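The questions below ask why certain terms are applied to this structure. Each answer sets a value against the cut-off behind the term.

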Amino acid sequence: MSDELTQHRLDKMARIRERGDVPFKYDFDRSQTIGEARAALETLEADDAEGALIENQSLAGRMVASRGQGKVTFADLRDEGAKIQVFLKKNTLGDESYEALKDLDIGDFIGVHGKVKRTQKGEITIFADSWEILTKNTRALPEKHHGLTDVETRYRQRYLDMIANPEVLDTFKTRIQMVSVMRRALEADGYLEVETPMMHPIPGGATARPFVTHHNTYDRDLYMRVAPELYLKKLIVGGFEKVFEINRCFRNEGVDTRHNPEFTSMELYKAYEDYYGLMDETEELFKRTIEGTIGSLSFDYQGETIDCSGEWKRITLFDSIREYAGCDLEVTRDKEEAAKIAKSVGVECDATMGYGKIVDEVMSEKVQPHLVQPTFLYDYPIELSPLAKKKRDNEALTERFQAVIGRMELCNAFSELNDPIDQRERFEGQGQLREEGDDEAQHLDEDFLTALEIGMPPTAGLGIGIDRLAMLLTDSASIREVIMFPQLRTIS
């Protein structure tokens, strides 16, 4: 904003003070919100369309438009939920109050007292008996007709984005509603919400590169959690049987339309359950959350209609690769041979990738793009799942599943590994992968192994990506559209 425009607004603020007014009020006693006032009038109109009006209203919000016509001024006032027209007339307000309107700018917060009714043109309007400045805006908002379209500015100044683009505010409200619905569904099923540490002595619970921080008092490095999984399973060891956590996780990974270094997930663990039973419960939880959020199990995402009703498709991971990629990666366990098979279908793999990573890469590139409708992929290679139990009839696989909707992985779940000897061997295998260059492989966690030695009952666990589910339900192409304040590069 230019110095001239800034000074112009500061001059107006000075005139407000000279009149003995306060440009930054402490409070305002609203009779109701704008949305409530509109709804109340519409209810009255159902009985008396001609004479419906509501007296003695006090509404407040940000002025987003103003147009003067001599002794009459119209303005648009918007609060969190709705917008209303304001009618300000010189004969009603008096000369001094009407003249003071000249010191208002688009972006100011004002309070208005008066009656609410429709104009002859059908616009719901508050006819002002009086008004007052609540907060003076000293920085111009984006120009009305062009809005705020620069993506970097939108993400860096999300508050401005929500003002200029009201649909952004609606997106975040949908996300908030979605989390609330999911939480209520879990609580209704007897799950207890818990909290676990954000800083871990050992990064664990997921295959990911961690962020490192330092504890000054203990003079030791700690890791921002990549997942709460190991702590939640310790709670199962301790006696809890159904727990969940809606949590922030941090993974020092790349940024794209589906990945952000800081993200939100929901993880739950249920004792005496396996992945077969949990798959049914997961489908039901998704359906309850989706329908409870948007009122339907069918919705459009990026130009395609997704229908979550009915029974979701279920297919093994290797069958999906055979069906969509046209190759068979189950015929070998050798990573060099697997890399050759992947290359034959156009998937390049680097030397640091183990067998499991190669399978996962083929799935991501050749299978996932076909999975628009809800699909469960299940039975994953043991190399990809160091915390999952071996499949009962095939020890090369684990009892693990993922749900893919709209070409995005939405959840990860498995029958939890509770054999401490097997778990130690898996951790040691992950250590070997680290030595071979895989810096995302997991670390050996002695405290977690001790917990398993104490004994964990048969347990199934599930993690759902909150951000990605929010993308689906708000038709957002990028994860940054559903994260209020995403991380961005520093401006040089």
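**Reasons behind the terms**

Q: What separates Lys233 and Glu229 in helix α8 by about one helical turn?
A: Lys233 and Glu229 are four residues apart in helix α8 (residues 229–238), so about one helical turn lies between them. The model is a predicted one.

Q: Why is the pair Lys233 and Glu229 called a salt bridge?
A: The term asks for a side-chain nitrogen of Lys or Arg within 4 Å of a carboxyl oxygen of Asp or Glu. The closest N and O atoms of Lys233 and Glu229 are 2.9 Å apart, so the pair forms a salt bridge. Both Lys233 and Glu229 are buried.

Q: How do you know that Asp422 forms a salt bridge with Arg426?
A: The closest N and O atoms of Asp422 and Arg426 are 3.1 Å apart, and the cut-off is 4 Å, so the term applies. These two residues are four apart in helix α13 (residues 420–435), which means that about one helical turn separates them. Asp422 is buried, and Arg426 is buried too.

Q: Asp76 forms a salt bridge with Arg67; why is Asp76 called buried and Arg67 partly exposed?
A: Buried means under 20% relative accessible area, and partly exposed lies between that and over 50%. Asp76 has 13% relative accessibility, so Asp76 counts as buried. Arg67 has 32%, so Arg67 counts as partly exposed. The closest N and O atoms of the two are 3.4 Å apart.

Q: How many salt bridges does the rule give, and which residues are linked in a network?
A: The count comes to 41 salt bridges. Lys12, Asp105, Asp108 and Lys136 are linked in a network of them.

Q: How do you know that Cys249 is in no disulfide?
A: A disulfide needs two cysteine sulfur atoms within 2.5 Å. The structure holds zero disulfides. For Cys249, the nearest cysteine sulfur is that of Cys411, 15 Å away. Cys249 has 1% relative accessibility and the limit for buried is under 20%, so Cys249 counts as buried.

Q: What keeps Cys308 from being counted in a disulfide?
A: The nearest cysteine sulfur to that of Cys308 belongs to Cys411 and is 12 Å away, against a cut-off of 2.5 Å, so no disulfide is assigned. With a relative accessible area of 0%, Cys308 is buried.

Q: Why is Arg258 called partly exposed, and where is Arg258 placed?
A: Arg258 has a relative accessible area of 27%, and the class between under 20% and over 50% is partly exposed, so the term fits. Arg258 sits in the loop between β10 (242–250) and β11 (262–271).

Q: What is Arg258 in contact with, leaving aside its neighbours within four places in sequence?
A: Arg258 is in contact with Gln368, Gly406, Arg407, Met408, Arg468 and Ile479. Its side chain reaches the backbone oxygen of Arg407 at 2.5 Å. A polar contact is limited to 3.5 Å, so that distance is inside the limit.

Q: What makes strand β17 largely enclosed by the rest of the structure?
A: Nine of the twelve residues of β17 (residues 394–405) are buried, so the strand is largely enclosed.

Q: Why is β17 said to pair with β15, β16 and β18?
A: Two strands pair if there are at least two bridges between them. Strand β15 (residues 375–381) and β17 have six bridges and run antiparallel, with Leu377 opposite Gln402 in β17. Two bridges join β16 (residues 390–391) to β17, so the requirement is met there too. Lys391 stands opposite Asn394 in β17. Six bridges join β17 to β18 (residues 408–415), again antiparallel, and Phe401 has Ala413 in β18 as its bridge partner.

Q: How many residues lie between the strands of the hairpin of β17 and β18?
A: Two residues lie between them, and Gly406 in the turn has a positive phi of about 60 degrees. β16 and β17 also form a hairpin, with two residues between them.

Q: Which strands close into a barrel, and what is the order?
A: Five strands close into the barrel in the order β1-β2-β3-β5-β4, with mixed pairing. The twist averages 55 degrees from one strand to the next. Within this barrel, seven bridges join β2 (residues 72–78) to β3 (residues 83–89), which run antiparallel.

Note on methods:
Residues are numbered from 1 along each chain as its sequence is written. This is a predicted model: local features need pLDDT of at least 70, side-chain atom pairs count only at pLDDT 80 or more; totals for chains, interfaces and linings use all residues. Side-chain values use heavy atoms; hydrogens and water are left out. Axes are lines fitted to C-alpha atoms, for helices over the stretch in contact, and angles run from 0 to 180 degrees between N-to-C directions. Buried means under 20% relative accessible area, exposed over 50%, partly exposed in between (1.4 Å probe, protein chains only). Contact means heavy atoms within 4.5 Å. A polar contact is a pair of N or O atoms within 3.5 Å; within protein, one must be able to donate a hydrogen and the other to accept it, and residues adjacent in sequence count only if both atoms are side-chain atoms.
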